[in-house]
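Work through the exercises below with the sequence and the model side by side. Try each task before reading its solution.

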Amino acid sequence: WLKKKQLARFLRERLPKRIHDLLRDFGQVADDLGLNLFVVGGFVRDLLLRQENFDIDLVVEGDGIAFARRCAERFACRFRSHEKFGTAVIIFEDGFKVDVASARMEYYSRPAALPTVEYASIKLDLFRRDFTINTLAIALNRGRYGELLDFFGGQRDLKDKAIRVLHNLSFVEDPTRVFRAVRFEQRLGFRIGRPTEHLLRGAVRQGFVERVGGSRLFRELELILREPDPWPAVERLASFDLLRFVHPQLKLDKTLARVFAEASRVVHWYQLLFLERPCRPWLIYFLCLTSALGREAMAEACRRLNVPPRIARLVTEGREEALAVRQRMRRWRHRKKPPAASEIYRLLHPLERDLVLFVMSLAEDERIKQWISHYFNHLAQVKCELDGDDLRQLGIPPGPVYRAILDDLLNARLDGRVTGRDEELAYVRRRHLS
Ligand code: ATP
């Protein structure tokens, strides 16, 4: 196991200087206040796994908010606190954030209830965490800098590549951990340990997951879908019969596998080419995951998961529009003449980008993919050079007709019938002034 000196050297060698200096500075502030300070959780896990992670989570034995306040004074940065939870965020000028918590013990009044908070020591704080690999902490005070705290076998489980809970009631206490177990397992290429798997299946069988509030379930599902390749985790969820919490009709079958694989290709293609116009892969994957659900079932899923209104609208009404667009494109395949660029643009432009990418993921026909790719590559950003002022100067009386003229002009541009300002002016004169 790692010794203090080894770990201090490891920290120095593995971390960017800025992060390393910051940890030392935090240690000094804690010394000044006479508090014990630790960096904990995912940061330590990933450090030992040699994976990059600069999300610093600090735990203070005592008043974390007072610590954050002192840091804000010392480093001339801001902090925000949540008195109720004893937590704070230190926010540096460039937006870099560090989370601070007060070591606390949580009492669960009933299964799946939200905890109430009291102060306690670091060991109890670590004990309330989800898996052993997330219970490692490193002391940051000067005298103890680099001391690794491993109360629950975290190092062993990192070596064994095992996801293990800390005690038998872990999934009952907080059933969202069943989703977290799957997420960490798939992300790290670990395996959920046998007894842990047994407990997980038991908690699912006994209906504990049903008691979790929709928002928390949705949040965990979103985190899974935010992973770079969520498909293996979705398969694993299905193997634990966890997809039914999204909707009872949801099944894992060949079609879903194909749509997901296609979505992954589409997302990677898009992100490579259009960095400056970001899409939301998790949302595209969510639409794919639920693509077999009908309109009413999807609305039910949104209610059950308490999906935030804007997202809910997108995956219900927006999705219906996307499916209608898909139908139109399928009919285009039977036409003699391929669609004009302006037709492609007019069909796709009203849809949100993520919905267009969803339609692309569903497309079985290469031609539909080509039309959509043509849209992103050549059409989506096309603008006319003329605007309302120009129309006024041409002597056209302002009114709704402006919209119609500019639309018509944009179509002409999209179809390559005009290029450049002079041709646009000539076009408007010819078509709308004679
Ligand atoms: P990521 O790399 O995905 O951010 P993380 O380990 O930092 O992983 P977070 O979801 O940010 O995970 O949570 C931070 C820490 O809080 C975790 O390391 C975990 O120990 C703890 N934690 C989060 N959610 C739970 C939970 N439901 N039950 C117990 N502990 C949790």
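The exercises go from the whole chain to one sheet and then to one residue.

This is a predicted model, in which local features need pLDDT of at least 70 and side-chain atom pairs count only at pLDDT 80 or more, while totals for chains, interfaces and linings use all residues. Residues are numbered from 1 along each chain as its sequence is written, and side-chain values use heavy atoms, with hydrogens and water left out.

**Exercise 1. The chain**

Find how many helices and strands the chain has, and what share of its residues is buried.

Solution.
- Step 1: Helices (H or I, at least four residues) and strands (E, at least two) are DSSP runs, numbered from the N terminus. The chain holds 21 helices and 11 strands.
- Step 2: Buried means under 20% relative accessible area, exposed over 50%, and partly exposed in between (1.4 Å probe, protein chains only). Of the 434 residues, 53% are buried.
- Step 3: Along the principal axes, the C-alpha atoms fill a box of roughly 85 × 50 × 35 Å.

**Exercise 2. The sheet**

Work out the strand order of the seven-stranded open sheet, and which strands stand at its edges.

Solution.
- Step 1: Two strands pair if DSSP finds at least two bridges between them. The order is β3-β4-β5-β2-β1-β8-β9, with mixed pairing.
- Step 2: β3 (78–82) and β9 (148–149) are the edge strands; each has a single partner strand, so one side of each lacks a neighbour in the sheet.
- Step 3: β3 pairs antiparallel with β4 (residues 87–91) over five bridges, and S81 faces A88 in β4.
- Step 4: β2 (residues 56–61) runs antiparallel to β1 (residues 36–40), joined by four bridges. Here F38 is opposite V59 in β2.
- Step 5: β2 also pairs with β5 (residues 97–102), in the parallel sense and over five bridges. L58 has V100 in β5 as its bridge partner.

**Exercise 3. One residue**

Is L409 buried or exposed, and which residues does L409 touch?

Solution.
- Step 1: L409 lies in helix α20 (residues 401–414).
- Step 2: L409 counts as buried because its relative accessibility is 0%.
- Step 3: A contact means heavy atoms within 4.5 Å. Leaving out residues up to four places away in sequence, L409 touches C384, L386, V418, E424, Y427 and V428.
- Step 4: R431 is 22 residues from L409 in sequence, and their C-alpha atoms are 9.5 Å apart.
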